[in-house]
Structures are given as C-alpha cells and as structure tokens.
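Here are my notes on the model you sent over. I've kept them as numbered points so you can follow along with the structure open.

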Amino acid sequence: MKADKKELAVAALCNGTVIDHVPNDVLFKAVKILGIENLKTHVTIGNNLSSKRLGTKGIIKVADVEFPEDVINRIALIAPHAKINIIRDFDVVEKRQVTLPDEIVGIVKCGNPKCITNNEPMRTRFSVVDRDNVTIRCHYCGRTVTSDKAIID
Amino acid sequence: MNSNSLVSIDDISRDDILDLLERAKFFEEHPDHKILDGKVVATLFFEPSTRTRLSFETAVNRLGGRVIGFSDASTTSSSKGETLKDTIKMVSNYVDLIIMRHYLEGAARYATEVTDTPVINAGDGANQHPSQTMLDLYSIYKTQGKLTDLTITMVGDLKYGRTVHSLLMALRYFNPTFHFVACDELKMPKEYKEFCDANGIEYHEHTDFSPAVINASDILYMTRVQRERFTDIMEYERVKNLYTLRADMLEGSRQNLRVLHPLPRVNEIAYDVDESPKAYYFEQARNGLYARQAIICKALGIDILKDAAI
C-alpha cells in the first residue's frame with residue numbers, strides 16, 4: 001500500500017517528456033525557461049524528491065509534449081546534469097543528458113545595466129566561453145557571468 | 001549584416017591589421033586622395049566626442065566624401081524615445097557608411113545586425129573603440145619600424161582604460177612584452193592577465209614607475225588617472241602624482257623610446273616632456289586621421305592599393 005502511494009506521487013506518463021535530476025533550487029527556473037506554465041496538457045512538477053545522486057531533486061513530467069532538442073538544451077545552463085526521458089506508450093524510448101548549446105538566445109538577462117540589450121527591445125545573446133565552469137559572455141557588451149549568477153529573464 | 005563593418009579590434013586578424021597599417025601609410029603620403037567622390041557617410045554621435053568625430057569627419061572630407069549626422073543625441077528622435085534600431089534603419093536609407101558612437105555597450109554590434117550598410121564603431125561606452133587601437137598600432141609601427149618583439153609599458157589607469165585593453169589584445173599577434181604600472185586600485189584586471197597567459201605573452205606588474213621599467217621600454221603608453229575612479233579620495237590624493245612622467249625620467253631611456261597617450265592628458269605627462277623628441281602623443285593623434293581613412297575605405301570595400309589609379 002505504501003509503495004503504491006509512492007508510485008502515485010510520480011505517476012507514469014503514457015506519452016510525453018520526463019525531465020529528471022533537476023536541482024531543487026532551479027526547478028522553477030527550468031519550468032520558466034521551457035515555457036511549461038503556458039502548456040495546456042497535463043504537467044506534474046515534483047520537488048525535493050529523494051535522489052540517490054543528488055540527495056534530493058526536482059522532476060518535471062509533461063504529457064503529450066516532446067520538446068525540440070534546442071529548446072530542451074536551454075536548461076543545461078542551470079541544470080547541466082538533467083536527464084531527459086522521452087516516453088511513448090508508457091515506454092522510455094529515449095534517454096539522454098542535456099547538452100549546453102554554444103549560444104544561448106533570449107533566456108539570460110545581461111547583468112550590465114549599460115548593455116544595449118537592457119535598453120532596446122531586443123533579445124539577448126550569450127556564447128559559452130567556459131564549459132567546465134559554465135561561463136557565458138554577452139555577445140553585445142562582452143560581460144561574462146557564471147551560470148549560477150546568471151539572471152534568468 | 002555587412003562583413004566590412006568594424007565593431008571590435010578582436011574581430012580582425014593579424015593580416016587585416018597589417019593591411020590597414022599599410023593603407024594608413026599610403027594615406028599619410030596621399031591624405032587628399034579623392035576616392036570617396038559621390039559617397040555619403042553618416043557620423044551618428046549619440047554621445048558627444050569632439051576629438052573622434054572631427055578626426056573621422058576630416059578623414060571623409062579629405063577623401064572627397066560628404067558627411068551627414070549629429071554630434072549630440074539630444075537633438076535627435078532618440079530623445080523622443082526612438083529605438084536605436086529605428087534610427088539606424090532610417091539612416092541606412094541615405095548613406096553608404098555609418099560611423100557611430102554610443103553611450104551603451106554593444107550598441108555598434110547591434111547596429112550591424114539591423115542594417116546591411118557597413119558600420120564603424122567609434123566607441124560604445126566602456127567597451128570598444130577599434131579606430132583608437134588602429135591609430136595606436138600605426139603609431140607604434142611608424143616609430144619602431146615594426147610591431148613585433150617590442151617592450152610596451154602601460155601606465156596609469158589600467159583597470160578602466162579601454163584603450164590599453166584593446167591595444168593589449170591587438171598586440172597578441174606580435175610577441176610583445178608588457179610592463180603594467182599602476183596602483184593597486186587601478187591595476188590590470190585579471191581577465192587580461194589571463195588573456196596574456198593563454199596567449200603566451202610575457203608581462204610584469206609594478207606599482208613603482210621606476211627608471212628600470214622606463215629604461216627597458218620601447219613604448220611608454222600613458223593614461224589618465226581619473227579622480228572619479230577612486231572609491232577612496234585619500235587614495236587618489238596619494239597616488240595621483242606617482243604616475244606622472246617628467247622629462248628627467250627619460251634621461252636613461254632607449255633612443256627609440258616613444259611616449260604615447262590617447263589624450264586628453266591632464267597631469268600624467270608634465271609639460272616639459274612635450275619638448276622631448278621622444279614625446280609622440282600629438283603626432284599619434286594625427287595618425288588617427290590616416291588610420292581612420294584606411295578603416296573607412298576597408299568598410300566601403302575600397303582597396304586603395306589595388307583599385308585606385310595612383
């Protein structure tokens with residue numbers, strides 16, 4: 001009976017995407033980056049769930065949606081170890097890790113108040129300059145920032 | 001975007017730099033070559049900078065082109081809230097080349113993305129000012145006969161001085177040795193020292209502006225120490241005269257040493273240095289004209305050494 005309840009908390013998907021191993025503190029940032037709040041399909045968000053690898057973790061389950069790779073990879077900035085599971089007919093048909101793209105467009109706000117991106121109606125652009133420390137550089141003003149300090153717009 | 005645009009000195013290669021220097025030399029010999037007949041160039045100065053604007057406008061005029069533009073954004077639609085994008089798109093309809101200065105960092109890069117007209121960055125906030133770097137390089141090249149294997153000493157405000165940062169990066173191709181002379185509060189930022197390390201460039205840091213450093217140098221690049229850069233005014237009062245160059249300090253220096261300064265100077269170079277044959281900062285400013293003529297032609301896709309019947 002107890003085991004059943006646990007199952008219920010992370011109910012299986014018929015079709016869709018499970019984003020697993022999201023650190024607790026960035027779970028809602030990941031939700032925002034992927035635009036999940038605007039979806040009309042079933043969405044289950046769990047946080048502070050126990051995890052062998054992270055201690056505790058967040059998880060996002062989205063029914064009937066498979067995100068394009070370039071979209072899902074956007075969360076690599078804040079959750080570099082997140083795992084993506086594609087579910088079809090209750091089976092995991094694809095399991096992979098997110099990978100940080102070379103360029104990040106329109107997610108991060110530049111921390112430089114004198115940057116053109118903070119003064120014109122335009123999208124930001126950052127390039128990844130250090131993958132190990134996840135450091136990104138503004139394409140316009142050149143200011144660099146590490147992902148943990150990056151402001152998610 | 002027009003690939004002939006010049007936004008940052010980082011965008012151009014070693015060969016591009018050498019080509020521009022060769023063309024600057026040509027314009028020094030033929031400053032009034034009327035190669036821009038029929039061309040219209042816009043100088044859009046969203047932030048006033050008389051020195052840079054006059055230099056660019058003289059360069060265009062001497063090449064026979066016409067100039068339109070403004071020297072202060074308060075007289076334009078940007079004061080009514082027009083976006084930079086709209087201003088650039090509007091001006092693009094009229095001109096062959098846009099030369100722009102803006103108080104916001106990254107403005108010139110963005111401008112290149114909204115127009116096919118070539119754009120030359122004449123300074124974007126504290127970010128980039130590539131024509132200044134080109135005239136510095138031309139001045140070094142002219143006075144030393146080469147750019148390679150030189151010892152270059154940078155003095156004063158190495159923290160905020162964008163000219164020293166750009167010059168440092170442009171010289172990465174030419175095996176320089178740097179001496180950085182500054183007080184702790186204005187010393188060379190870590191990212192530029194890391195840049196030197198990554199490119200195998202030798203550098204030494206000093207807080208003392210000592211004869212040993214001066215006597216080992218081929219170029220002394222002086223910069224202004226500005227009061228407003230200091231969080232502690234007492235510290236400013238303490239250091240403001242430590243990095244002043246006087247004529248007697250040049251006594252033991254190399255024959256080929258030249259003193260550069262992006263100007264305006266305040267008190268970091270004493271007036272008695274002006275008499276020294278090693279003082280080069282006024283000629284340096286004049287070199288800006290030739291360097292900018294070379295940059296303008298490159299942006300317009302005109303190769304003076306190939307296209308023109310000389």
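1. Start with the sheet in chain B of this predicted model. It is an open sheet of four strands, running in the order E2-E1-E3-E4, with parallel pairing. Strands E2 (66-70) and E4 (119-124) of chain B take the edges; each has a single partner strand, so one side of each is left without a neighbour in the sheet. Going from one strand to the next, the twist averages 15°.

2. If you want one pairing to look at, try strand E1 (residues 40-45) of chain B against E2(B): five bridges join them in the parallel sense. One residue to click on is Ala42(B), whose bridge partner in E2(B) is Ile68(B). Helix H4 (residues 107-114) of chain B packs on this sheet, where it touches strand E3 (97-102) and E4 of chain B. The direction of H4(B) makes about 160° with that of E4(B).

3. Next, a helix pair. How do H6(B) and H7(B) run relative to each other, roughly parallel or roughly antiparallel? The axes of helix H6 (residues 162-170) and helix H7 (residues 190-198), both of chain B, come within 11 Å and cross at roughly 10°. Angles under 35 degrees count as roughly parallel, so that is what H6(B) is to H7(B). On the H6(B) side, the contact uses His165(B), Leu168(B) and Met169(B), which meet Tyr192(B), Phe195(B) and Cys196(B) from H7(B). By class, five nonpolar residues and one polar residue make up this contact, with no charged residues.

4. H6(B) and H7(B) come up again at the largest pocket, which has a volume of about 1200 Å³. Which residues should you centre your view on? Of the 32 that line this pocket, Cys141(A), Gly142(A), Arg143(A), Glu191(B) and Tyr192(B) are the closest to its centre. Strand E8 (125-130) and strand E9 (135-138) of chain A, along with H6 and H7 of chain B, are the elements that give two or more residues to the lining. H7(B) provides the largest share, five residues. Tyr192(B), then, appears both in the helix contact and among the residues closest to the centre of this pocket. The lining divides into ten nonpolar, ten polar and twelve charged residues.

5. The second largest pocket has a volume of about 830 Å³. Its lining takes in 29 residues, and those nearest the centre are Arg101(B), Arg162(B), Thr163(B), Leu263(B) and Pro264(B). Helix H2 (50-62), helix H5 (130-144), H6 and H10, from chain B, each give two or more residues to the lining. Here the largest share, four residues, is from H10(B). By class, the lining has nine nonpolar, twelve polar and eight charged residues.

6. Finally, the enclosed spaces. How many cavities of 30 Å³ or more are there? The count comes to two, and the largest has a volume of about 40 Å³. Lining that largest cavity are Asn4(B), Ser5(B), Leu6(B), Ile12(B), Leu20(B), Ile295(B), Lys298(B) and Ala299(B). Helix H10 (residues 281-299) of chain B gives the most to this lining, with three residues. Five of the lining residues are nonpolar, two are polar and one is charged. H10(B) is therefore worth a second look, as a contributor to this cavity and to the second largest pocket.

Methods:
Residues are numbered from 1 along each chain as its sequence is written. Chains are lettered from A and ligands numbered from 1 in the order in which they are written. This is a predicted model: local features need pLDDT of at least 70, side-chain atom pairs count only at pLDDT 80 or more; totals for chains, interfaces and linings use all residues. Side-chain values use heavy atoms; hydrogens and water are left out. Two strands pair if DSSP finds at least two bridges between them. Axes are lines fitted to C-alpha atoms, for helices over the stretch in contact, and angles run from 0 to 180 degrees between N-to-C directions. Contact means heavy atoms within 4.5 Å. On a 1 Å grid over the protein atoms alone, a cavity is a set of points where a 1.4 Å probe fits but cannot get out, and a pocket is an open set with protein on both sides within 12 Å along at least five of seven lines; lining residues have an atom within 4 Å of a point. Grid points are joined across faces, edges and corners, and a volume is the space filled by probe spheres set on the points. Ala, Val, Leu, Ile, Met, Phe, Trp, Tyr, Cys and Pro count as nonpolar, Asp, Glu, Lys and Arg as charged, and the others, Gly among them, as polar. Angles under 35 degrees count as roughly parallel, over 145 as roughly antiparallel, 65 to 115 as roughly perpendicular and the rest as oblique.
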